[in-house]
Amino acid sequence: MSRPRIVIVGAGFAGYRAARVLSRLTRHKADITLLNPTDYFLYLPLLPQVAAGILEPRRVTVSLTGTLPDVRLVLGEADAVDLDGHTVHYTGPEGDGGTLPFDRLILAAGSVNKLLPIPGVAEHAHGFRGLPEALYLRDHVTRQMELAASADDPASCAERCTFVVVGAGYTGTEVAAQGKLFTDSQVRRRPLRAGMRPRWLLLDIAERVLPELDASLSRTADRVLRQRGVEVRMGTSVKEATHRGVLLTDGEFVDTRTLVWCVGVRPDPLAESLELPLEKGRLLVDPYLQVPGRPGLFAAGDAAAVPDLEKPGAYTPMTAQHAWRQGKAVAHNVAASLGLGERRAYRHRDLGFVVDLGGVKAAANPLGVPLSGVAAGAVTRGYHLAAMPGNRVRVAADWLLDAVLPRQAVQLGLVRSWSVPLDTASPEVARVPGGPEKARAGNPGPAGGPRAGEGAEPADAIQDPDAGKHAEPPGPVKEPDLIQDADAARHAEPPGPVKEPDLVQDADVDADADADADAAKHVDPRGPGKQPDLVQAPEDTPGASSDAPAVHKHRPRDPSALAPPEPGSPASSEGDS
């Protein structure tokens, strides 16, 4: 008799934990396949430290094949699920398709950037959900500071060293806090024009920073940010974005080349394509993480609306802690469906929160005890070390080196602006010239390109005065390369049908404005959000961030994602579905 086939879609916090626990529970009595677009698990909570030059990129990645030896890894992105035929169709990284048969299916698809119908945002902002976006932001910030230092025009200098972050949840707060330290360190080595300093703005229409947290933690974060020089503007957001700046809702126009979008996440559209009952885009499951009426279908993490047994009538928020614990629970229940063990309902306990503010500063309340300063910083870093499923020694070594040595502020030039669009279903994978890229339903243009009705430029519009010198990326990528830096426009794309994402020949290659989407690790106080509800029981250790970035594209976008925010509901909520 053949062994049962278990397919897991997504290797985020839920999918990775499910694969690891299932391989232990089944003990070679089942064939386990993990479908993911990358060969690593990404520890999202430390991504801001990658963008700030503290950690090397590989420190926040954990090899799937190295840590899951009894699990078959298939590189690809799920396109469709045939529930009656028990198959998952996927597209590989080089455009080839395939089909995976299953007897049990776990959907742990994660989430994607949450967009709002604000003119220019999709064209000029960048998210913060994946490693390519963090690498792009680090290069972009470094480039802008170098160009600002050499600029003869005071207006150009001020424009380049101004950085706008939208969303004061976990990710936006951490990006602004870490980014200010990063740019200040560069200015110490290469001063700007007399009287000029890097300017960071943190915007949110909420009443306070970190609105989803206790008020004492919010006050701590607000105080640290302001003392550091970050302009914290609550009750303010972006009304329109252009290639030379942003128009705020209070009427002020801020000249800037950098817009980081951190207003939250939404469930991956794959769940919607199944045509099963949903809750704000999330697949409805029972307390055992099983889809009612579908005995072989399970879901966990951001893709699942899991009943909160501690709060009847509510659903668990989209956080990394819930995703990690749900991964363990769904693994036990899938094994039980195969006759191995007993089912268990999903329950949880929230034991505190932490947010890293850079340097030795943090805000935390483990076990309900509010901490700030060095003590909170120690608790925060200790938590992350305990939560990471690998690379602990390497991360600790990078922290030590950062404490005693100056940061290396250099451009690697590996990620271009057009390769990390805000409107993408796969933020963990950088687009490549000539690579597989299909327009999603409801979006006739390529992912990340201008969209009708959202303040998009015409398809052939050039976003920068000098951008006309820039050749379009070869292959099927047709939308304009939204270049924000006039000096970078002189670098042409690599000729021919190049398919490797690292063939950028010049470190001065331009970049567009950056954005955060992370919401990744964070939660909205008004709905299922993606914030860390940190410090959990010892058995439930990972990350203070969101479930893995969604691993699916080619799916229809969630129409509700483009709906205007309700009055009084912060547009920058970290994880509204």
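In what sense do strand E6 (residues 77-82) and strand E7 (residues 87-91) pair, and over how many bridges? In this predicted model, the two strands run antiparallel and are joined by five bridges. Glu77 has Thr91 of E7 as its bridge partner. Together E6 and E7 make a hairpin, with four residues between the strands. One residue in that turn, His86, has a positive phi of about 55 degrees.

Stepping back to the whole protein, there are 12 helices and 25 strands. Of the 577 residues, 64% are buried. Among contacts with a separation of 6 or more, 73% link residues that sit 24 or more positions apart.

An open sheet of five strands comes next, with parallel pairing and the order E5-E2-E1-E9-E21. Its edges are strand E5 (72-75) and strand E21 (297-299), each of which pairs on one side only. On average, neighbouring strands of this sheet are turned by 20 degrees against each other, if direction is ignored. Within the sheet, strand E1 (residues 5-9) pairs with strand E9 (residues 104-107) in the parallel sense, over four bridges. Here Ile6 stands opposite Arg104 of E9.

Helix H1 (residues 13-26) packs on this sheet and touches E1, strand E2 (31-36) and E9. The direction of H1 makes about 160 degrees with that of E1. From its first C-alpha to its last, H1 covers 20 Å with its 14 residues, close to the 20 Å expected at 1.5 Å a residue. As for burial, 11 of the 14 residues of H1 are buried, so the helix is largely enclosed by the rest of the structure. The buried set runs through Phe13, Ala14, Gly15, Tyr16, Arg17, Ala18 and Ala19, and also takes in Val21, Leu22, Ser23 and Thr26. Just after the helix, Arg27 adopts a positive phi of about 50 degrees.

Helix H8 (residues 215-228) is the next element to look at. Its 14 residues should span 20 Å at 1.5 Å a residue, and the C-alpha atoms at its two ends are indeed 20 Å apart, so the two values agree. Buried positions in H8 are Leu217, Ser218, Thr220, Ala221, Asp222, Val224, Leu225 and Arg228. The cover over these buried residues includes helix H7 (170-189) along with strands E12 (199-204), E13 (231-234), E24 (362-364) and E25 (371-372). After H8 comes Gly229, with a positive phi near 105 degrees.

H7 deserves its own word as a partner of H8. The two helices pack at an angle of about 25 degrees, and their axes are 10 Å apart. That angle makes H7 roughly parallel to H8, and H7 passes H8 in a left-handed crossing. On the H7 side, the contact is made by Thr173, Ala177, Lys180, Leu181 and Asp184; H8 contributes Ala221, Leu225 and Arg228. Ala221, Leu225 and Arg228 also appear among the buried residues of H8.

A second helix pair is formed by helix H11 (residues 373-387) and helix H12 (residues 392-404), which pack at an angle of about 155 degrees with axes 9 Å apart. H11 and H12 are therefore roughly antiparallel, and H11 passes H12 in a right-handed crossing. Arg381, His384, Leu385 and Ala386 of H11 make this contact with Arg392, Val395, Ala396 and Trp399 of H12.

Two loop residues round off the picture. Ile205 sits in the loop between E12 and H8. Is Ile205 buried, partly exposed or exposed? Its relative accessibility is 32%, so Ile205 counts as partly exposed. Ile205 and Val238 are 33 residues apart along the chain, and their C-alpha atoms are separated by 9.4 Å.

The other residue, Leu276, belongs to the loop between helix H9 (270-273) and strand E19 (278-279). Leu276 has a relative accessible area of 17% and is buried. Leaving aside residues up to four places away in sequence, Leu276 touches Leu83, Leu283, Val291, Arg294 and Leu297. For Val291, the separation from Leu276 is 15 residues in sequence and 8.8 Å in space, C-alpha to C-alpha.

Note on methods
Residues are numbered from 1 along each chain as its sequence is written. This is a predicted model: local features need pLDDT of at least 70, side-chain atom pairs count only at pLDDT 80 or more; totals for chains, interfaces and linings use all residues. Side-chain values use heavy atoms; hydrogens and water are left out. Two strands pair if DSSP finds at least two bridges between them. Axes are lines fitted to C-alpha atoms, for helices over the stretch in contact, and angles run from 0 to 180 degrees between N-to-C directions. Contact means heavy atoms within 4.5 Å. The expected span of a helix is 1.5 Å times one less than its number of residues. Buried means under 20% relative accessible area, exposed over 50%, partly exposed in between (1.4 Å probe, protein chains only). Angles under 35 degrees count as roughly parallel, over 145 as roughly antiparallel, 65 to 115 as roughly perpendicular and the rest as oblique. A crossing is left-handed if the near helix is turned anticlockwise from the far one by less than a right angle, and right-handed if clockwise.
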